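User: Hi! I'm new to reading structures. Could you walk me through this one?
Analyst: Happy to. Here it is.

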Amino acid sequence: MKVSQLTDIGLKRKANQDQIGTFSNRSQQTLLLLCDGMGGHNAGDVASEMAIFDVGKAWEKTEKMVPVQAEEWLKIAIESANNRIVEVSKEYIDLEGMGTTIVAIAVLGQKALVAHVGDSRAYQVDDGKLIPITKDHSFVQELLDRHIITAEEAQNHPQKNIVTQSVGVNDAIKIDTHWVSLQE
């Protein structure tokens with residue numbers, strides 16, 4: 001498997017709070033991680049770096065994962081990173097409120113487990129088309145789900161940057177998981 005990684009500051013931001021990483025466990029199973037520090041919060045770059053490090057380094061210590069085990073492990077690892085970020089943000093005033101999104105993809109043979117919190121997205125390429133795997137944890141996504149606004153209205157909605165779930169901001173988080181089949 002070939003993996004490419006790239007982050008970009010974009011046109012609107014002054015700082016890049018993204019972190020990306022590829023980690024292998026003791027059985028050479030791959031975990032891909034992407035965290036996007038929340039720009040409107042203190043120290044989003046610190047939160048994203050902590051989440052990448054905590055989850056990635058924990059993965060490196062694991063043995064071969066089977067699907068059911070991997071799903072439970074990944075949820076626990078993300079919750080653990082959340083707890084540590086919350087704890088550190090309470091300890092240091094300049095880090096108060098820091099948070100990050102996370103997308104984690106564990107590659108287990110011909111299947112991949114995708115776990116995410118926030119509005120960073122994972123897609124699958126199928127026959128040249130991008131198919132969304134994740135659904136944003138955002139205010140605008142909730143409006144879409146309730147059929148209050150249309151997809152066109154969502155694109156320019158004034159509150160499209162409001163994230164309803166993130167790692168490090170609250171004690172409790174909702175982690176969504178999805179399984180996808182992989183092909184060459």
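User: How many helices and strands are there in the protein?
Analyst: The protein has 4 helices and 7 strands. Helices (H or I, at least four residues) and strands (E, at least two) are DSSP runs, numbered from the N terminus. Along the sequence they follow the pattern β-β-α-α-β-β-β-β-α-α-β.

User: Anything I should know before trusting the details?
Analyst: This is a predicted model, where local features need pLDDT of at least 70, side-chain atom pairs count only at pLDDT 80 or more, and totals for chains, interfaces and linings use all residues. Residues are numbered from 1 along each chain as its sequence is written, and side-chain values use heavy atoms, with hydrogens and water left out.

User: Why is the protein called as compact as a globular protein of that length?
Analyst: Its radius of gyration is 16 Å, close to the 16 Å that the globule rule gives for 184 residues, so the protein is as compact as a globular protein of that length. That radius is taken over C-alpha atoms, and the rule is 2.2 Å times the number of residues to the power 0.38. The C-alpha atoms fill a box of roughly 45 × 45 × 30 Å along the principal axes.

User: OK, strands now. What is the order in the open sheet of 5 strands?
Analyst: The order is β1-β2-β3-β4-β7, with antiparallel pairing. Two strands pair if DSSP finds at least two bridges between them. At the edges sit β1 (18-24) and β7 (176-181), each pairing on one side only. From one strand to the next, the twist averages 15 degrees.

User: How many bridges join β3 to β4?
Analyst: There are 7 bridges between β3 (residues 100-108) and β4 (residues 111-117). V107 stands opposite A112 in β4, and V103 has H116 as its bridge partner there. The hairpin of these strands has 2 residues between them, and G109 takes a positive phi near 70 degrees.

User: And what does H116 stand opposite in β7?
Analyst: H116 faces D176 there. β4 and β7 run antiparallel and are joined by 6 bridges.

User: Is β4 enclosed or open to the outside?
Analyst: β4 is largely enclosed by the rest of the structure, because 6 of its 7 residues are buried. Buried means under 20% relative accessible area, exposed over 50%, and partly exposed in between (1.4 Å probe, protein chains only).

User: What about the strands β5 and β6, how do they pair?
Analyst: β5 (residues 123-126) and β6 (residues 129-132) pair in the antiparallel sense over 4 bridges. D126 stands opposite K129 in β6. In their hairpin, D127 takes a positive phi near 55 degrees.

User: Switching to helices: which strands does α1 lie across?
Analyst: α1 (residues 44-60) lies across β1, β2 (30-37) and β3, running at about 165 degrees to β2. Axes are lines fitted to C-alpha atoms, for helices over the stretch in contact, and angles run from 0 to 180 degrees between N-to-C directions. α2 (residues 67-91) lies across β2, β3, β4 and β7, at about 20 degrees to β4.

User: What covers the buried residues of α1?
Analyst: The cover includes β1, β2, α2 and β3. One buried residue in α1 is S48, which counts as buried because its relative accessibility is 0%. Leaving out residues up to four places away in sequence, S48 touches Q17, D18, Q19, C35, D36, G37 and T100. Contact means heavy atoms within 4.5 Å.

User: Is K14 buried or exposed?
Analyst: K14 is exposed, with a relative accessible area of 85%. You'll find K14 in the segment before β1.

User: Last topic, the core. Which residues touch the most other members of the largest nonpolar core?
Analyst: Those are V55, L74 and I78, in a core of 32 residues. A nonpolar core is a set of buried Ala, Val, Leu, Ile, Met, Phe, Trp, Tyr and Cys residues joined through side-chain atoms within 4.5 Å. The largest share, 8 residues, comes from α2. Another core lies apart from this one and has 6 residues, among them V103, A112, V114 and A122.

User: What is V55 in contact with?
Analyst: Leaving aside neighbours within four places in sequence, V55 is in contact with L31, L33, W73, L74, A77, I78, A81 and I102.
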